[in-house]
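Please look over the structure shown here, with attention to sheets and salt bridges. A short report on these topics follows.

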Amino acid sequence: MWEGLRLQVFFLCLGATLWSAAAAATYRGSGPREHAHRRHLSLHRHRERGKEGQVLHRSKRGWVWNQFFVIEEYTGPDPVLVGRLHSDVDSGNGNIKYILSGEGAGTIFVIDDKTGNIHATKTLDREEQAQYTLTAQAVDRDTNKPLEPPSEFIVKVQDINDNPPEFLHGPYYARVAEMSNVGTSVIKVTATDADDPTYGNSARLVYSILQGQPYFSVEPQTGIIRTALPNMDREARQEYDVVIQAKDMGGHMGGLSGTTQVKITLTDVNDNPPKFAQGVYAMAVSEDKVPGEEVGRLKAKDPDLAENGLVDYRILEGDGMNLFEITKDSETQEAVIKLKKTVDFETKRSYTLKVEASNPHVDSRFIAWGPYKDTTIVKISVEDADEPPSFMAPGYNFEVEENAPAGTLVGRVHAKDTDIMNNPIRYMIPRYTDLEEFFIINHEDGIIKTTRPLDRETQAWHNISVSATEIGGHHQDAKVRVNIKVKDVNDNAPEFAAQNEVLVCENVSPGKLIETVSATDKDEMAHRQHFHFSLAPEVANNHSFSIKDNRDSTASIFVIRKGLSRMSQDVYHLPIQINDNGVPPMSSTNTLIIRVCSCDSKDTILSCNVEPFILSAGLSTGALIAILACIVILLAIVVLFVALRRQKKEPLILFEEEDIRENIITYDDEGGGEEDTEAFDIATLQNPDGANGFLPRKDIKPELQYPMRPDLRPIGNSVDVDDFIKTRISDADNDPTAPPYDSIQIYGYEGRGSIAGSLSSLESVTTDSDLDYDYLQSWGPRFKKLADLYGTKDLVDDNS
């Protein structure tokens, strides 16, 4: 690849050299045939007279090329000559200076200001910038005055084949259906070349396939990949790795190339029929299996995928079509043969089925390759099993009259052993089906009888089970349901259907219907059976109420008295006799409660209680409740007030009207003087001579008694108290039983001859002082004592 590139660069450089020489020769010419490639810079004055005799001047410019060319990627040792600028006014004496400006002037392109030659000093890349716009001007070298107007021209970078093709979107992934026809389009790949497509063949690409033959091909000009072989089968090979090459220079030698990978996957079509692995499948089923249980499985394999590989199964024919059924497991795609009805080993011992497997979705393009189905034979053998006894009926229904005596016959169940051995049967009733043991069964013949009289109103149906067990063998058993209905006997008297009170107004008019009563009976009602209502004999002649039998198992109650008074009687108890026409007939007396109420003019009931009569002279119930609530609230407020008073404390903040100076704590205890010996033992100070020897500490309890130090000596009467105090301080410092802290003892004795004087402010009244205590008089009565003490001196001075 790079050898071709170097060869191409060599030819381009050679062409550029020849082109530069031809351009230089063109600069020197001035014929009209070169006018299309040059512009005049020289100024030729042509005098033309105007209408007023004025001379007009039209400038004629010398020629330069409209555009220059420079080859890209030039790596020669010298700068590349791009072209030469020349003005007609340039006589060659060096008085003209050529100036270059614009894109890359001074950095990429430089000009010889004397000759006008333009050189490229750097290697140019067309893919970075394809052209540069420059402006040339001729000025006087000494004065820098323009001799020619500025002339703009373009330097185009001439392309070379220095960029290989690239597949920007690779690698590619494509899918094509299997069994596609030759030439079926798979995918289009596209490469790009950064070289100039308008110049030469540097960007003209040609596609070819490097890997993937003979299955695929690629169109050289478009890059479209197509199938090249017919009947490519996905089941044989699913994926193909194809390598495509794009080469510039029209695919000729010396061109650059690039490659990309294309992974092509064959998609599935329904081109394969299902196929059973065996022609005959053998299965077995035990005769004790129940319908719905699985007998066996078989599968027809289809190598196609998804819906193309779906398989449906069905039974075409066979002597077991009525006993077996076939379904499909959607996950495994297997045919599942299940038992549809029970089989009996003693009746028939083998069955044959013909099973078909087919594709539900057939592709019409490949229907000629069919048929898309397959068949196989399934042989099912029945295995013998120890079967439980079999009842002659799937269930039994019996009837027995209620209140029938114990031992009454209910019915009989019968079972037999279906096995060849025909073992005898034992019957029993499981206790969990007859917890109260209403029935017993004969273990040998299956006869069921009652154990006590039955009550239909308590339980109308008894649903029990009877089990039959083989005697011998594997003790197989079977159960059957027995439903026993208790037949009704008229043994219950009728009664009111609802026990509700009847409310009637005091001002009810005679003959008014106040209630319609009905009855119910726990016994079963026959088709034409109904109830009869009448007043009990003891109230048959009452003057307040009457009854009418409606002959539809209901009765109407009427008022026959004009006006009822709650004051005389507020509740009436009306006994009513109810009879049924059963066999034997039953009757009962039920009491209807009628309450007299107070009503308004519209017969709206206001009250049915007697309390309003009692409270009419006083307060109503609502008023009493309101008064009681007010009393309770008042008591609660009083209790809360007392509790807050007990918990009240003295305020911590002084009120503004109180003076801060009144906050003085006064002690009236002046002490007992010398007679008060309990407060302080002053004997030591009054008699220092009595402190001879070791004195124990009073603040702690010493553990050991230390002897008096030999340096201690008795203190005489003439010893000063100051020496005594110093001695005691020394003893306290050296005492090992003392606490580990300094013990300061303060005595209110200043010693003899103290020059400090008294520190007590109480004695200052006798001293001369310049302080004025008259302000104490304005502090109020609480400071009157101090004002009298300190104001004495002033009063004495005033009297004198």
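A residue counts as buried under 20% relative accessible area, as exposed over 50%, and as partly exposed in between (1.4 Å probe, protein chains only). By this scale glutamate 506 is partly exposed, at 23% relative accessibility. This is a predicted model, in which local features need pLDDT of at least 70 and side-chain atom pairs count only at pLDDT 80 or more, while totals for chains, interfaces and linings use all residues. Residues are numbered from 1 along each chain as its sequence is written, and side-chain values use heavy atoms, with hydrogens and water left out.

**Salt bridges**

A salt bridge is a side-chain nitrogen of Lys or Arg within 4 Å of a carboxyl oxygen of Asp or Glu. The structure holds 22 salt bridges. The table gives the N to O distance for some of them.

| Acidic residue | Basic residue | Closest N and O atoms |
|---|---|---|
| Aspartate 329 | Arginine 297 | 3.0 Å |
| Glutamate 457 | Arginine 456 | 3.3 Å |
| Glutamate 506 | Arginine 566 | 3.8 Å |

Glutamate 506 and arginine 566 form a salt bridge. This pair links distant parts of the chain, 60 residues apart: glutamate 506 is in the loop between strand 36 (502–505) and strand 37 (513–520), and arginine 566 is in the loop between strand 40 (554–559) and strand 41 (571–580). Strands are DSSP runs (E, at least two residues), numbered from the N terminus. Arginine 566 is buried, with a relative accessible area of 10%.

Arginine 456 is buried as well, at 12%, whereas its partner glutamate 457 is partly exposed, at 21%. Arginine 297 is partly exposed, with a relative accessible area of 35%. A network of salt bridges links Glu294, Arg297, Asp329 and Glu334.

**Sheets**

Two strands pair if DSSP finds at least two bridges between them. One open sheet has four strands in the order 27-34-33-30, with mixed pairing. Strand 27 (395–401) and strand 30 (425–428) are its edges; each has a single partner strand, so one side of each is left without a neighbour in the sheet. Strand 30 runs antiparallel to strand 33 (residues 461–470), and four bridges join them. Arginine 426 has threonine 469 in strand 33 as its bridge partner.

Another open sheet has three strands in the order 28-32-31, with antiparallel pairing. Its edges are strand 28 (409–412) and strand 31 (439–441), each with a single partner strand. Three bridges pair strand 31 with strand 32 (residues 447–450) in the antiparallel sense, and isoleucine 441 stands opposite isoleucine 448 in strand 32.
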